[in-house]
Structure formats: C-alpha cells, structure tokens
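Q: I'd like a close look at one part of this model, the surroundings of the ligand. Could you walk me through that part and then through a few spots elsewhere?

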Amino acid sequence: MRVDDAAPRDADVVIAGGGPAGALAALLLARAGARVIVIERAKFPRPKLCGDTLNPGAAVLLARHVDVDALSRLGHVIEGMLLTGPGGVRVHGRYGTGIAGIGITRDVFDAWLLARAADAGANVHQQTRVVAPIVDSGGVVRGVRIRRRDGEHTHVRALMTLAADGRRSTLAAACALTRVPPSPRRWAVGAYFDDVDDLAAVGEMHVRRGYYLGVAPTRDGRANACLVEAPDTSDTDWRRPADVLQARLSSDETLGPRFRRARMCTQPAVLGPLAVEAHAPGAPGLLLVGDAAGFVDPMTGDGIRLALASAEIAADICTGVLRGTHTPDDAHLPYARALRRALAPKRAFNKALRGLVGSPAGVAAAAHLARHWPSAFASVIRVAGDAGIGGRR
Ligand SMILES: Cc1cc2nc3c(=O)[nH]c(=O)nc-3n(C[C@H](O)[C@H](O)[C@H](O)COP(=O)(O)OP(=O)(O)OC[C@H]3O[C@@H](n4cnc5c(N)ncnc54)[C@H](O)[C@@H]3O)c2cc1C
C-alpha cells in the first residue's frame, strides 16, 4: 500500500481511522473526486479482536464498490450459522443458495480495503494519531489535530471530518457525542486455537446463561474463539480473561469435546466494556461513521456491515457538501436522518434478539422456541446475517 510519509496537508474530507468504515468512506470519496486524507494510528496489517466474518450483507455491499472475488480469495466461504443453546439446542441455518459470507482475518481484510482506498487516490497516513478536533468559534469542526509517528504535533484542516476511529472514538468523545452506558457492561476475550475438531464452513454462536461464545474457522485451519460476558455478574475471575475463555470452552457441553486437543496459539486479546452509546451521529462539520456512532456487542455479527453501510451514507453526504447540496454546518442532520432510515430496522431486530437472550428466562424461552420451532431460528440467522440485503452476489 502506498503510504504518505509527508506531513498531511489540508483536504476536502479528513477521516480519523482506517478500519472498514474509514477505508470505504475514503475510497468512495476519492473516487468522487474529493481530496481525502485518512489518519490511522496503527501500521497495517494489524490484528484486531473480531469474529473474522463478513456477513452476506457486508459481502454484497462491498461488491458494489470493490472486486469482492479478489477479497474472497484471501478468505473462505461462510455458508451459514450454527446456533446452539442450553440443553442441547442446536439450529443449523444456511443463508441460502448463492448467498454466503466471507471468513477473513481482520489483519488481512482491513489492510486490503485500506489499500483499495489508497489506490483510489486517498492519502493514507499510518502510525499517526488523531488527538482532537479543530473546532471554530461557531462550534463547527474544521479538521483534526494529529500526532505523527515522529512525535510532531500538527493538524489537518478540512471541509468535513469523519470520525471512523472505532468504539472509543477520540473525536466523538471530544465533542461529547458518546458515553459508556452503565449497562450492559460486557467484555470480550478472543484468541486463535489449533486442532479444534469438527470445524465447518459456518460461523458458530453458542448462547449460554450469562455469556456467549463465537467460534469461526480461519483459512489456515485454525479456529477463532471469542467469549462475551459481563465480568461483574460472572462466577469467574476476569482478572485472568484467557483462563476464563479456556474454562468456558473446555467445560462446555457442546464445545468441550471439540476443544479437547486444542491449543491456544496466539496471545488472547481483551476488549471492554464493549457498549458505547452516541446520542447523535454527528455535529456541525463532523459525522460519526461505523462503531464510532455506537456499538453494543457483536452477538449478531453484523458490525462490519453496519460500519460499511454508514460509510456509504457518509460519503454520499460529504459529496453533497462538495457539490453544494449541504453545508458543512448542517450536513450532520441529513446524515442522521439517512442513517436512521437505513439502519433502524436492523438495529431494532438486534435489540429484540439481545433482549431475548439477555436474561436466564429469555435464554430458556429461546431454547424452548428453538427446540420446537427450528425453522424460525433459521430465519433469525438469515436476518442476522443480512442475507436478504441486495440479493445474491
Ligand atoms: C469480539 C468481537 C467480535 C466481532 N465479530 C464480528 C464479526 O465476526 N463480524 C462483524 O461484522 N463484526 C464483528 N465485530 C464488530 C466489528 O469488529 C466492528 O463493528 C467493526 O470493526 C467496525 O469498524 P470501524 O471501521 O467502525 O471501526 P474499527 O474497525 O474499530 O476501526 C477503527 C480504526 O480507527 C483507528 N483509530 C482509533 N483511534 C484512532 C485515533 N485516535 N487516531 C487515528 N486512528 C485511530 C484504529 O486503529 C482502527 O484501525 C466484532 C466485535 C467484537 C468486539
């Protein structure tokens, strides 16, 4: 990937964060002729705690903009989901003929997409951190202050600023748009394992009372296993999250036998508390994109699809600013409306599903339902995977 080492100059749009949301927004804006600067604190490729699955909706969305077959060759096909619950409940849902997700590790996916943005003409500055927004006397964000790899502090002025810097967005927090809610207070721990038995071309979600485990195959035959749990209410000692992950896997009725020979082959990554709420997805001159606009937890496995969808909308609004349809000062208003229209139904579905499995009684009810009406849960898997969005690839 071409990486710019010169000091970033001013731009039409400056984007904090080069993850999926920032990279896609940069790509779309560069193709629309905008001068785009991406400021990314990491050096790609970098690892990221994730279930490593682009759901079918994410794959369809990406196919509108990039050569998704080339991307698929870096990963592998995910045909559906295996969902299990307490008491031996087991539902295997396929997305449908010609509909598939892509299993791909985030070091590979994120670097690939950011490289496509650079190919399109975006100016990418890695190992450079956004430290604060530049806010004018009228309260409008006019760019960002940054710290470069060599420690130098400088700034980038821009007509529009996108905060695509993830759950703990520096820009969203500085503009008082986000907060960590008192609940839920769930954490995630994940690692890769060798020698896991019975892996198939599906993502797995194992919902238990008080926590859930996601398991996904990787291209090189390993398994990615993530645990999400609220340490405050857990009966385990979260001071050693890797031990909790191991214990949850090995004592599990379904997973224990499959992980009997398994060996954790990477350092575990830990993240939390996961939930961040945004009371608005932007402010004058600033749009929050992807997880920066709020995140609950990864139960439905659609975070990347939602991040990409918000990037498309943000790019469209910024193009409108450059063409004079919107002004930088009020662009956050049509952005909020478009985001709500596009994403509210899926967010409501996710909330309902979380509510169902969020309490012991809910898990028991869901398990009962799944046992007696498995086809309903197969539909839930398709909706969670955004399998109906945009049709087949
Ligand atoms: C345990 C777990 C499992 C998950 N599994 C899945 C899954 O299987 N499928 C799925 O679709 N979603 C999954 N998700 C959700 C998914 O990871 C996110 O929704 C997605 O990464 C959002 O993309 P983003 O671009 O908004 O943010 P991010 O991917 O977080 O990217 C933000 C980028 O901003 C950079 N950055 C941060 N701060 C600064 C700064 N100050 N200056 C410059 N750069 C900065 C970061 O380095 C990063 O590269 C999972 C999440 C968790 C926690």
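From which domains does the shell around the ligand draw at least three residues each?

A: Keep in mind that this is a predicted model. The shell around the ligand takes at least three residues from domain 1 (11-50 + 107-180 + 275-355) and at least three from domain 2 (187-274). There are 37 residues around the ligand, and the ones that come nearest are Gly 17, Gly 19, Gly 51, Gly 290 and Gly 303. If you go element by element, α1, β9 (129-135), β13 (187-194) and α8 each give two or more residues to that shell. The top contributor is α8, with 4 residues. Sorted by class, you get 16 nonpolar, 13 polar and 8 charged residues in the shell.

Two of those elements, α1 and α8, also meet each other. Helix α1 covers residues 20-31 and helix α8 covers residues 303-322; their axes come within 8 Å and cross at roughly 35°. The crossing is right-handed. On the α1 side, the residues involved are Pro 20, Ala 21, Leu 24, Ala 25, Leu 28 and Leu 29. Across from them, α8 brings in a set including Ile 304, Ala 307, Leu 308, Ala 311, Ala 314, Ala 315 and Cys 318. Ser 310, Glu 312 and Thr 319 of α8 are part of this contact too. Counted by class, the contact between α1 and α8 has 13 nonpolar, 2 polar and 1 charged residues.

Now for a loop. Pro 231 sits between β16 (223-229) and α6 (241-250). It counts as partly exposed because it has 18 C-beta neighbours inside 10 Å, where 20 or more would make a residue buried. Setting aside neighbours within four places in sequence, Pro 231 is in contact with two tryptophans, Trp 187 and Trp 238. Gly 272 is 41 residues from Pro 231 in sequence, with 10.0 Å between their C-alpha atoms.

For a buried spot, try Val 207 in strand β14 (residues 202-208). Val 207 has 23 C-beta neighbours inside 10 Å, so it counts as buried. Beyond residues up to four places away in sequence, Val 207 touches Gly 85, Tyr 212, Val 357 and Val 363. One of these partners, Val 357, is 150 residues from Val 207 along the chain, yet their C-alpha atoms are separated by 7.6 Å.

Conventions:
Residues numbered from 1 in each chain as written. Predicted model: local features only at pLDDT ≥ 70, side-chain atom pairs only at ≥ 80, totals over all residues. Buried ≥ 20, exposed ≤ 12 C-beta atoms within 10 Å, placed from the backbone. Contact = placed C-beta atoms within 7 Å. Axes fitted to C-alpha atoms, helices over the stretch in contact; angles between N-to-C directions. Left-handed = near helix turned anticlockwise from the far one by under 90°. Nonpolar A, V, L, I, M, F, W, Y, C, P; charged D, E, K, R; others polar. Near = placed C-beta within 6 Å. Domains from an automatic or database assignment.
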